[in-house]
Amino acid sequence: MHSVIGICDSNTVYMKKLAESFMCKSDIPLQIMTFSDCSQLIEYLGEHSLDVLIIDRALREADFNQECGVNAGNNTGNNTGRQMEVVEQHIRYILELSDEKGGMEQSGDFSFRISRYQSSTELFCLISRLFTGNRKAGDRIMEAAPEYGVSYSWKGSGKKNSDKLQICGLDMEEQSGKSEGCIITVYSPVNRCGKTSLAVLLAELLMQKSSSLMISMDHHSTIFSEEELNLSELIYCMSRENNLRVEADAFGDFTEYESYVKTWGDLMYISAPGTVEDLVQVSAVQLCRLMNMLKYNSRYHYIVMDLSEGMESLHKVLEQSDLIFMPMLDDCVSRCKIEMFDQYMQSMMGQEEWKELAAKIHRIQLPPAYESGEVENYYRELIWSNQARVAEEILEQYI
């Protein structure tokens with residue numbers, strides 16, 4: 001049995017992108033119906049039902065009422081209310097999209113008002129919490145339903161693993177159960193070497209293989225640093241709920257913290273702490289626990305860590321990584337920093353432990369960064385740069 005989500009909005013481009021985004025994120029059998037106006041929606045509800053309806057608030061207040069018989073000269077308010085109830089009884093939950101910026105508020109027993117400017121990840125996280133029951137994933141397909149719009153559906157095939165799927169230009173292999181993830185850390189003691197650029201590229205390119213998440217620890221990194229819902233807030237929330245206790249034998253499930261995951265284009269990431277003061281509050285033990293939770297109990301197959309200087313017990317975080325990429329520069333100062341890093345780690349860990357860690361580290365030199373007028377344009381155009389070519393070669397060689 002699949003869950004059915006309806007999206008009713010006059011902006012067809014927005015509907016298509018939202019539907020495709022949901023399909024990329026979902027790990028349950030899902031069908032999405034899109035409606036460009038309320039007449040299509042009401043016709044559909046005459047014979048079917050919806051688990052969740054996402055509808056433009058203005059469209060609901062205007063066209064919905066008109067379709068139900070509310071005209072300027074109609075004074076049968078009670079009849080109108082009953083007609084609305086008849087229509088809405090075929091919908092479990094209603095999410096109204098508002099043009100106002102802000103959070104979510106409950107507007108009724110089964111309805112919520114949410115800003116359309118919130119990320120698709122936050123919206124999908126809310127929908128996931130509304131759904132009940134555990135369903136196993138099967139094959140995901142896309143099919144047309146011209147009488148009502150476009151239907152995106154995912155139907156089970158009984159196979160243990162699904163075939164690869166082409167959605168949003170990404171080949172994603174979905175599995176019926178959670179598998180062990182891969183922790184990829186990008187770190188360097190050298191500054192301005194392309195560390196964050198490489199982390200962004202790896203996270204974006206890995207989306208072509210499977211779901212990936214970047215954790216940014218590069219404070220003051222503008223586009224990947226936010227005041228709210230950042231890494232330090234996530235660590236605090238998990239610690240308060242005892243999901244990052246050192247003595248805990250089992251890791252919690254990351255699903256309930258999906259609201260901390262942001263999207264920027266095809267990139268999914270957790271924002272960096274806004275200041276150095278916030279960053280130093282994140283201990284290595286807490287970060288390692290979070291890494292293990294993401295590795296064993298999340299839907300992400302690849303976790304890319306953009307690791308910054310200033311982390312206490314750095315070697316503990318690096319030891320948790322499956323692969324470590326260390327960008328470097330070819331000058332005497334940079335070479336000296338790399339040498340001092342090696343000496344420090346060996347003294348901290350001991351020779352044998354350092355040998356095991358050193359085997360994970362792959363040192364690379366990236367092409368020079370290109371010039372861009374704005375930081376947003378830089379990261380948006382990064383995928384077409386020479387650095388992207390090197391990142392692709394790294395993935396071919398090591399992943």
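Which residue forms a salt bridge with Asp51, and how far apart are the closest N and O atoms? The partner is Arg92, and the closest N and O atoms are 3.1 Å apart. A salt bridge here is a side-chain nitrogen of Lys or Arg within 4 Å of a carboxyl oxygen of Asp or Glu.

This is a predicted model, in which local features need pLDDT of at least 70 and side-chain atom pairs count only at pLDDT 80 or more, while totals for chains, interfaces and linings use all residues. Residues are numbered from 1 along each chain as its sequence is written, and side-chain values use heavy atoms, with hydrogens and water left out.

## Overall make-up

The protein has 14 helices and 17 strands. Helices (H or I, at least four residues) and strands (E, at least two) are DSSP runs, numbered from the N terminus. Of the 399 residues, 51% are buried. Buried means under 20% relative accessible area, exposed means over 50%, and partly exposed lies in between (1.4 Å probe, protein chains only). Contact means heavy atoms within 4.5 Å. Among contacts between residues at least 6 apart in sequence, 73% join residues at least 24 apart.

## Salt bridges

Side chains of opposite charge can pair when their charged atoms come close. A search of the whole structure finds 9 salt bridges. Three of the pairs are set out below.

| Pair | N to O distance | Separation in sequence |
|---|---|---|
| Asp51 and Arg92 | 3.1 Å | 41 residues |
| Arg113 and Glu96 | 3.2 Å | 17 residues |
| Asp306 and Lys195 | 2.6 Å | 111 residues |

The first pair joins strand β3 (residues 50-56), which holds Asp51, to strand β4 (residues 91-98), which holds Arg92. Asp51 is buried, with a relative accessible area of 16%, whereas Arg92 is partly exposed at 34%.

Strand β4 also carries Glu96, whose partner Arg113 sits in strand β6 (residues 111-115). Glu96 is buried at 5% relative accessibility, and Arg113 is partly exposed at 21%.

In the third pair, Asp306 belongs to strand β15 (residues 302-306) and Lys195 to helix α6 (residues 195-206). Asp306 has 0% relative accessibility and counts as buried; Lys195, at 12%, is buried as well. Elsewhere, Glu180, Lys295 and Asp322 are linked in a network of salt bridges.

## Helix α6 and its surroundings

Arg192 lies in the loop between β11 (182-186) and α6. Arg192 has a positive phi of about 55° although it is not a glycine. The residue is exposed, with a relative accessible area of 82%.

Helix α6 packs against helix α14 (residues 386-398) at an angle of about 60°, with the axes 10 Å apart. Axes are lines fitted to C-alpha atoms, for helices over the stretch in contact, and angles run from 0 to 180 degrees between N-to-C directions. The two helices are therefore oblique to each other. Angles under 35 degrees count as roughly parallel, over 145 as roughly antiparallel, 65 to 115 as roughly perpendicular and the rest as oblique. On the α6 side the contact involves Ser197, Leu198, Leu201, Leu202, Leu205 and Leu206. On the α14 side it involves Gln387, Ala388, Ala391, Glu392, Ile394 and Leu395.

## Helix α7 and the nonpolar cores

In helix α7 (residues 231-240), the buried residues are Leu231, Ser232, Leu234, Ile235, Cys237 and Met238. Their cover includes β12 (212-216), β14 (267-270), α8 (276-280) and α9. Helices α7 and α9 pack at about 85°, with their axes 11 Å apart, and are therefore roughly perpendicular to each other. At this packing, Leu231, Leu234, Ile235, Met238 and Ser239 in α7 meet Gln286, Leu290 and Met293 in α9.

A nonpolar core is a set of buried Ala, Val, Leu, Ile, Met, Phe, Trp, Tyr and Cys residues joined through side-chain atoms within 4.5 Å. The largest one has 44 residues, and those with the most contacts inside it are Ile215, Met217, Phe254, Leu287, Leu290, Leu318 and Phe341. Helix α9 (residues 284-296) supplies the largest share of this core, 7 residues. A second, separate core of 30 residues includes Leu198, Ala203, Leu323 and Leu395.

Leaving aside neighbours within four places in sequence, Phe254 is in contact with residues including Leu234, Met238, Leu290 and Met293.
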